[in-house]
Amino acid sequence: MTHLQDDQDAQDSQDTPAPQHAPDTPDAPDTPPPGCPAHSARLYGPDFRRRPDETYQRIRQDSGPVAPVLLEGDIDAWFVLGYRETRQVLSDTETFGRDPRRWNGWDDVPPDWPLMPWVAYSPMMTFTEGEEHQRRATAAGEALATIDPFVLRGHCERFADQLIDKFAASGRADLVYDYIYSVPTLATAELFGLSEDESGLEALAAGLTMSFLSNEEAIAGQRRVATYVTELVRAKREAPGPDLTSQFILNTPDLTEEQHTADVMVLMAAALPLTSYWIGNTLRLMLTDERFAMTLSGNRRSIGEAMNEVLWADSPLQNLIGRYATRDTDLGGRRIHAGDLVVLGLAAANADPLLWPDTPVGHAGNHSHVAFSGGDYGCPAGGPETARIIAETAIEVLLDRVPDLTLAVAPDELRWVDSFWYRCLESLPVTFSPAPVTAG
């Protein structure tokens, strides 16, 4: 299974022109096969986890916009780093399909492969193609359209205040554990009609987080989430309520319980981990970059600018598996064979130097990034805006309540979660002047 992604292509095409790579050769030669250690960089390990941007830069210098790489367990794939090439793959669904059963490398994949939970085929909308995919994605968008943004913001403000009250008087907190995950978790419960049982929500959030790790916990984490969501879907199919889960089920009465469960898991994966990491990476930026730190307690426009900067330069969603070539084709000067796995390096594409020939221009006001992917498999309308409301509200309320936040460790002491998919912090310790709790 995989994530939902942002559908901003129409806007993107107006913001930034595609970078001008040298034209592909008419007959791209066969290149060394992915997986050959002499020609493939590894997208895993401590160095990759600590500084993925340096790994991407080295791959680009050595191999260009499309490169052979090794995934966890030395599984071979093609890695797309070029912005133009990424857009090409996202838009050409006839050549680069979404059904993982096409992959010609399954014989080399062990059953306990850490990336298995969101790659192995399952009956979810993001693995469907053609009219079936369009129908289910449209139904998800129609369900998201029922969310009232003002009501959602009000809920998030209340959740944020309640959480801050728990640590405000102490003058210190670990924002990852005390806040960054919790606001989106409570918002997800409100949106999807979940019970507000604290232990159940913590288990859901933990399971989703684990499912995107690059270790042995991933499969167990996804199974835990599937059990939880199956019970939710079963209850909502029997007794619908005023929530996103019920609305999606009502929009797709012909789907089975298993299909409903898989699709709701996709929606939750976008609502929880992705939004949490957007909050965390934005707060880290504002606490460590003087361009934003100077306005922490004042100019609220800096929050939106920091959030957009993160989507360009420190994207929560780094890499996406994947696309599978439906036929032999050429991409970025490489010969891609039918059945080959193509991994989208979203963060690498956003950093394409051909996209940013004049780096001092910066990212302000430019929303043409591919931080949430795009094309036919982009997030249904309303999804990105929902995530933005949750993240922006959480950051605003935190900075209103404790405006003198200070990082409690040196920036280079911060550690990152071991995940191929996401870029997210293990912890974010801060200090601040003790603040009063809110009335009531």
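1. Two strands count as paired when DSSP finds at least two bridges between them. Keep that rule in hand as you look at this predicted model. Strand β2 (residues 66-71) and β3 meet it with 6 bridges, and they run antiparallel. One of the matches is V66, whose bridge partner in β3 is V80. If you follow the chain from β2 to β3, you pass through a hairpin with 3 residues between the strands. Look for G73 in that turn, where phi is positive, at about 80°.

2. Now stay with β3 and turn to another partner. Strand β3 (residues 75-80) is joined to strand β9 (residues 341-345) by 3 bridges, and here the strands run parallel. V80 appears again, with L344 as its bridge partner in β9. W78 stands opposite V342 in β9. Is β3 enclosed or open to the outside? Of its 6 residues, 5 are buried, so β3 is largely enclosed by the rest of the structure. For that reasoning you need the cut-off: buried means under 20% relative accessible area.

3. These strands belong to a wider arrangement. Six strands make an open sheet in the order β1-β2-β3-β9-β6-β4, and the pairing is mixed. Its edge strands are β1 (41-42) and β4 (96-97), each of which pairs on one side only.

4. There is also an open sheet of 3 strands, ordered β5-β11-β10, with antiparallel pairing. Why do β5 (172-174) and β10 (406-407) each have a side without a neighbour in this sheet? They stand at the edges and have a single partner strand each, so one side is left free of a neighbouring strand. The pairing of β10 with strand β11 (residues 429-431) is antiparallel and uses 2 bridges. Within that pairing, T406 has T431 in β11 as its bridge partner.

5. Next, the pockets. The largest pocket has a volume of about 1,000 Å³. It is lined by 38 residues, and R51, D53, A313, D314 and R423 are the closest to its centre. Which helices should you colour to see this lining? Try α2 (46-50), α3 (52-63), α12 (257-288), α14 (301-313) and α15 (346-350), since each supplies at least two residues. The largest share, 6 residues, comes from α3. By residue class, the lining divides into 15 nonpolar, 8 polar and 15 charged residues.

6. The second largest pocket holds about 760 Å³ of space. Its lining has 24 residues, with Y177, Y181, S182, T185 and E202 nearest the centre. Two or more lining residues come from each of α6 (149-165), α7 (175-180), α8 (182-192) and α9 (198-211). Here α9 gives the most, with 6 residues. The classes in this lining are 13 nonpolar, 4 polar and 7 charged.

7. Enclosed spaces deserve a look too. How many cavities of 30 Å³ or more are there? The count is 4. The second largest cavity contains about 80 Å³ of space. Among its 13 lining residues, F48, R49, P52, S419 and Y422 lie nearest the centre. Helices α2 and α3 each supply at least two residues of this cavity's lining, and both helices also contribute to the lining of the largest pocket. The cavity lining divides into 8 nonpolar, 2 polar and 3 charged residues.

8. Finally, have some fun with the aromatic rings. The model has 12 aromatic pairs. One of them is Y121 with F127, a stacked pair with 6.0 Å from centre to centre and 25° between the planes. Are these two residues buried or partly exposed? Y121 counts as partly exposed because its relative accessibility is 35%, whereas F127 counts as buried at 2%. Y121 has a charged neighbour as well: R101 lies over the face of its ring, at 3.7 Å from the ring centre. In a similar way, R423 lies over the face of W416, at 3.4 Å from the ring centre. You have already met R423 among the residues closest to the centre of the largest pocket. Elsewhere, ring pairs link W103, W106, W113 and Y324 into a cluster.

Technical notes:
Residues numbered from 1 in each chain as written. Predicted model: local features only at pLDDT ≥ 70, side-chain atom pairs only at ≥ 80, totals over all residues. Heavy atoms only, no water. 1 Å grid on protein atoms, 1.4 Å probe; cavity = no way out; pocket = protein on both sides within 12 Å on 5 of 7 lines; lining within 4 Å. Points joined across faces, edges and corners; volume = space filled by probe spheres on them. Helix = DSSP H or I, 4+ residues; strand = E, 2+ residues; numbered from the N terminus. Nonpolar A, V, L, I, M, F, W, Y, C, P; charged D, E, K, R; others polar. Phe/Tyr/Trp six-rings, centres within 6.5 Å; stacked < 30°, edge-to-face > 60°. Buried < 20%, exposed > 50% of the residue type's maximum accessible area, 1.4 Å probe, protein only. Lys NZ or Arg CZ within 6 Å of the ring centre and 35° of its normal.
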